[in-house]
Structure formats: structure tokens, C-alpha cells
Amino acid sequence: MTWNWQTIWPLLVAIGIVLAVVPILGLYLTFIERKVAAWIQDRVGPNRVGPWGLLQAVADGIKIFLKEQVIPDHVFKTVYFFAPTIGLICAMLSLAVIPFGPANANPTEGFRAIIAPGVDIGILFVMGISSLSAYGIILGGWASNNKYSLYGAVRSCAQFVSYEIPLGLSLLGVIMITGSLNIEKIVAAQGDGIANWNLWWQPLAAIMFFTAALAETNRLPFDLPECEQELVGGFHTEYSGIKFVLFFLAEYTHVVAVCFLTALLFLGGWHFPGLTGAVDSSIGTYLLRWLVLLAKVGFVFAVIVQLRWTLPRFRFDQLMGLAWCGLIPLGLANFLGVVVVLSLGLPAWTLAPYSIGLLFFSAAINARQVTRRAKELAARSVVQSSVVAGVKRSGNVQAAS
Amino acid sequence: MSDAKNEATQPSPSPKKQVKWADPPQIGFMEALYLPAIAQGIATTVKHMVSGKSTTRQYPEVKPTIPANYRGVHRLNRDDKGRVKCVACFLCQTACPADCIKIEATATDKNDPEWKDRDKYPATFVIDELRCIYCGMCEEACPVDAIELTSIYDLTGLSREEMLFDKEKLLSVYDETLQAGHDPVRTRRGELGPASESASGAIPTKSKPEQTKGEARHG
């Protein structure tokens, strides 16, 4: 690839779009989330600033930029200042290889809605960089020099370490079926009709990826690092003003990245029945494909918001249990299935019943274990109550004498 | 000895009843799948989201209907001649548990035909609205129904001095609330105290509060 104006202008345009759109998107996603939350809770939501409250996001942005920045005396200043920027930079960097619009698998043709087209380690890059954003949270929590923030940071640390594994395992199957880490190639491989979407071949992996990604973005029901009720905001307790916004923006950028990744890797990207095959040069279908992709991304975001107001927060042992006892074994079994299918040359559709069978099998084991545990506890409670009765009786004897 | 007494008065229940054991729930196959439960939850939230119902009241535009026995800002009533009805008997000031009413009484000029029916009237009548606990005991103590609590609830001010309501201010509250049609509930509903009877013998304003209230609402 030679460096000249023809190759650089699409790059600059793509960077400009990402840098300009993501912060605004972050503000408006907050607005959408507040509105949806209000509707779910039978309220109205923000409706005072502008028509239907549409300018609320702008007002929030102005307010929070003009806010006083309180810097407590007890913080470790250097790290305290850098932590939010680390978080945001890592979240933004992961968008570099994620196509935000239709892009050819062949990197030399036309405008591609992606900053770094044709990166052969695309998914690996996203995973690596986005998990670096844990540093933002961990350093922020540690530099705040506050026990609640530190708890948040430690929780975040454990959560990131645990959920990186199922996140990677769930993507392994997709990568192996496609035979590439390149995100554009993975999308192109799903181009021949709706039956080729990875969602049908890897339903379990899709659910696992979504779950693990929610945990990675610290969204409910996995928002233990910030956990308002227990940790007073967790890692961002000591942050205010624009530094808090950077954390906030990092989280929403992460959510956007997760929405795009889910749509691209499992929901067929910019393909839709009637819009199959490679990206062509016709501007009409190009825009239509863009709309299709954005609709899918919007759908995933809607599910994320809906889940936030549907599921209560996990307890920490449940969180760890879900990763280590649930998702990781399931991910390994799913990976094994893909290996067997690919090496024996079985048709790919066999993976779908395998995934669903695996899910049912794990549910059966889970039910059996929980029931056994309940029975054990019930038996122990009978033993303990008889012990208590004995103590009580001897106590009575002493009192009487 | 005391232990034995306790035993006699409080026979200890059986230990099974004393300790309440909560057995962990046993879950079936569908519960262990978790996904149906999540789908059920999402169905509930989506149902609420698309229902379009809202319990929000758009407050400054849509005011709530305040119940008639609400105890809000005080007012000093006027009699049929437009004078302050208060006879400066100090019963409200004495009854006030928050000590927020300050009255200075003056004797009336006996030569003035306007005042020949009254001995005293308040020269100043100040209520500290910030000190007041809105218990309504002044209203109950008043023998002439001169002081009443209205349904005005959104009382704000920028200084403490502003919240000291003097006689003129309290009378103006009466004028306002009379026009607004919010009639406070009287201690003795429909009838006023014996001292409030005017010189002509007629009961001054609104002898039947229900009626006036209804008229005000319809009008």
C-alpha cells in the first residue's frame, strides 16, 4: 500500500467521522437511555430542554464541561489525571479496526467506512486494546486513594480477567469457521443470505459473547466496579467535571464498540435478505447497507438498555461463578465442537443443534447441582436445629436447679 | 429466681419455631436455563415501554388538586366591613407550639362608629412562616375564625425577612384565596365562633362553605 493522497483522504475522513461522532453519540445514547428508562418505569423522561427534550444531551454536555473540577488533596495526581484518558483512548482505539459502515474485504477499492482497513489481526487488536481500558478504571480507582474506589478497581480487575476468557473463547468458533481474524472478511463470509449469519451457526457463542461483552463494558447487570449502592460510584467516586465525563464517554464508546462487534460478527453486519454479496459501488445500495448495519447496531443497543432495566445486579460470587463455572466450560465445549466439525469435514449446520444441546445439557447439570445443594443445606438445617434443641434443654435444666 | 420467673411468664417455644430456617429454593430445568426468565423479564419491561402510560404530572403546568383539609400558608380573614376579623385575644399565639405568631394589640377608638363593636384589634400580626410547623392549632384556638390555613403549599422566598408575614400580607393572602375559590375547612364547619358575629347579627362571609366552594369551582 503506497502512501499518497488517494489512500490518505479516506483515512482522514474515517478518523474525522469517528472522532466527531463518538462523543456526540455518547451524549445522545445517554439521552436515549434515560428516555427508555423513563418509558419502562412509566415516566416521561427528560422533556424540558428543546422539543421532546432533544437538547437535553447538549445541555448536559455544556453543564458538565463548565463544572468545577474538584481534585481532592489525597489523590496521586499524575495517575489521577491520566486514568480517564487511558480509558477513553483505549476505547477509541478499538474502534479503529471496527467497520462502522460497509467496507470491502479487499482494502484497495473505494471508500471504506473503517479507519484501518484490512487489518489481519482485527479481532485480536480489538480484544487486546479494549481490555487495556481496564487500566483506566484500575489506575483511576487506585490513584483516588479512597477505599471505595479501590474496591471498585479491584472488582473491575477481577471482572476483566475473568471475562476476557469467555469473550475470547466465544469468538474462537467464529474465527475458525471463517478462517480469518479480519473483521471485514468475517462479515463478507456471512454475505450469502440470512442462513449464513454466525448467529445460527453459533447461537451459544453469540449469547456468551454478548454476556461477556456486557461484563467488559461494566454495564448492568455486571456494573459491580461502579455499583452506586455499595461503592458510592466505585472507581469514579473522586472524579468530577470533565474527567468524570471521560470515564463516562469511555464506557459508552465501549458499548458502541460492543454493539458494532455483535452486529458485525454474529448478525451478518451490513448484509440483509435482498442485500447479499460483496459491497458494490452503487451509492444507493451502499447507503442502504449502512442503514441496515446501523439498524442492527441500534437493535443490540436497545437490548443492552432493556437488559439494564430488566436484570438486577449480580452478586460478586455469582459474577465469578458465571464466568468460571458457566461461560468458560461452555466456551471450551463449544470450541471443541467447532474443531470436531471442521476437522471431520461435517456440514456447518451441525453446530447449531450442538450449541443448543450444549446449552440444555449445562442447564440440566446446573439444575441438578442447585437442587442437590438445596437438599444438603436442608439436611444440615435439620441437624443444627436438633443441636440447638439439645443446648436449650440443658440450659433449662441448669436454670431450674 | 428471676430465671424461673421468666420461665413461668414466657414459656419458651419449641426450638424449631425459634430458629427459622430458610431452605434454598430448588430450581427446575427451565429456571436453570436462565434465558427464559430473562426473556420473560424483557417482555415485562418492553410491555411497559410501549404501553405509553405515564404517571408523571407535568407539575408547573398541571397543578395537583390539594385536599380541602390541607394546612398551608396562613391567612387573616376579613369581616363584612373589610376590617381584620382578629380581636387580638392572643389565643393563637398562646396555642402555637412553634412560637411563631407575634401579636401586638391596640384598643379601638370608642368614639369611632366604625369600631364601636370591638374592644381590641391587632396593631401588628406577624407570623414567621419558616418557624411555623403548620399544625393548625392557631386555627383551632381562634374563637372568631380569624386565622385559617389555606391550601397554598408552594411558598418560597429569598430571605428570612421576606418570610415574616405581617398583617397586610396575611390579609392579602385572604383576598387571593377568596378569589381562587379554595376555601379552608373550618374548625366548626359552616358556623363561625360567637365573637365573630357582626354588628348586624348576620354571619359574615360564607356561612355555607360547601356552597361557595361549589360555586367557585363551577365559575
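B:Val84 sits in the loop that joins E1 and H5 of chain B, and in this predicted model it is a good place from which to start reading the structure. B:Val84 has 20 other C-beta atoms within 10 Å, and because 20 or more is what burial requires, the residue counts as buried. Once its neighbours within four places in sequence are set aside, B:Val84 is in contact with B:Leu76, B:Arg78, B:Tyr121, B:Pro122, B:Lys167 and B:Leu171. One of these partners, B:Pro122, stands 38 residues away from B:Val84 in sequence, yet the C-alpha atoms of the two are 8.3 Å apart in space.

Another residue of chain B in the loop between strand E1 (74-76) and helix H5 (91-95) is B:Ala88. Its backbone deserves a look, since B:Ala88 is not a glycine and nevertheless has a positive phi of about 55°. Is B:Ala88 buried or exposed? With 22 C-beta neighbours inside 10 Å, B:Ala88 counts as buried.

A positive phi is also found at B:Asp145, a residue other than glycine, where the value is near 50°. B:Asp145 belongs to the loop of chain B that runs between helix H6 (137-141) and strand E4 (147-149). Because 21 other C-beta atoms lie within 10 Å of B:Asp145, this residue is buried.

These loops can now be placed in the chain as a whole. The secondary structure of chain B amounts to eight helices and five strands, and, read from the N terminus, its elements follow the order α-α-α-α-β-α-β-β-α-β-β-α-α. Chain B has 219 residues, of which 20% count as buried. Among the contacts in chain B with a separation of 6 or more, 72% are made by residues that stand 24 or more positions apart.

Turning to chain A, the reader will find it divided into domain 1, covering 5-345, and domain 2, covering 347-401. The centres of domain 1 of chain A and domain 2 of chain A, taken over C-alpha atoms, are separated by 38 Å. Where the two touch, the contact draws on twelve residues from domain 1 of chain A and ten residues from domain 2 of chain A. On the side of domain 1 of chain A that touches domain 2 of chain A, helix H8 (198-201), helix H9 (203-216) and helix H13 (316-344) of chain A each supply at least two residues. Which helix gives the largest share of that side? It is H13(A), with six residues. Sorted by class, this side of domain 1 of chain A holds nine nonpolar residues, three polar residues and no charged residues.

The last step leads to the nonpolar cores. The largest nonpolar core has 97 residues, and the members that touch the most other members are A:Ile98, A:Phe209, A:Cys259 and A:Phe260. Helix H11 (residues 241-265) of chain A contributes the largest share of this core, namely 17 residues. For A:Cys259, if its neighbours within four places in sequence are left aside, the contacts are with A:Val297, A:Val300 and A:Phe301. Apart from the largest core lies another core, of 23 residues, and this one brings the reader back to chain B, since B:Cys138, B:Ala146, B:Phe165 and B:Val173 are among its members.

Notes:
Residues are numbered from 1 along each chain as its sequence is written. Chains are lettered from A and ligands numbered from 1 in the order in which they are written. This is a predicted model: local features need pLDDT of at least 70, side-chain atom pairs count only at pLDDT 80 or more; totals for chains, interfaces and linings use all residues. Domain bounds come from an automatic or database domain assignment. Two residues are in contact if their C-beta atoms, placed from the backbone, lie within 7 Å. Helices (H or I, at least four residues) and strands (E, at least two) are DSSP runs, numbered from the N terminus. Ala, Val, Leu, Ile, Met, Phe, Trp, Tyr, Cys and Pro count as nonpolar, Asp, Glu, Lys and Arg as charged, and the others, Gly among them, as polar. A nonpolar core is a set of buried Ala, Val, Leu, Ile, Met, Phe, Trp, Tyr and Cys residues joined through C-beta atoms within 7 Å. A residue is buried if 20 or more other C-beta atoms lie within 10 Å of its own, exposed if 12 or fewer, and partly exposed in between; C-beta atoms are placed from the backbone.
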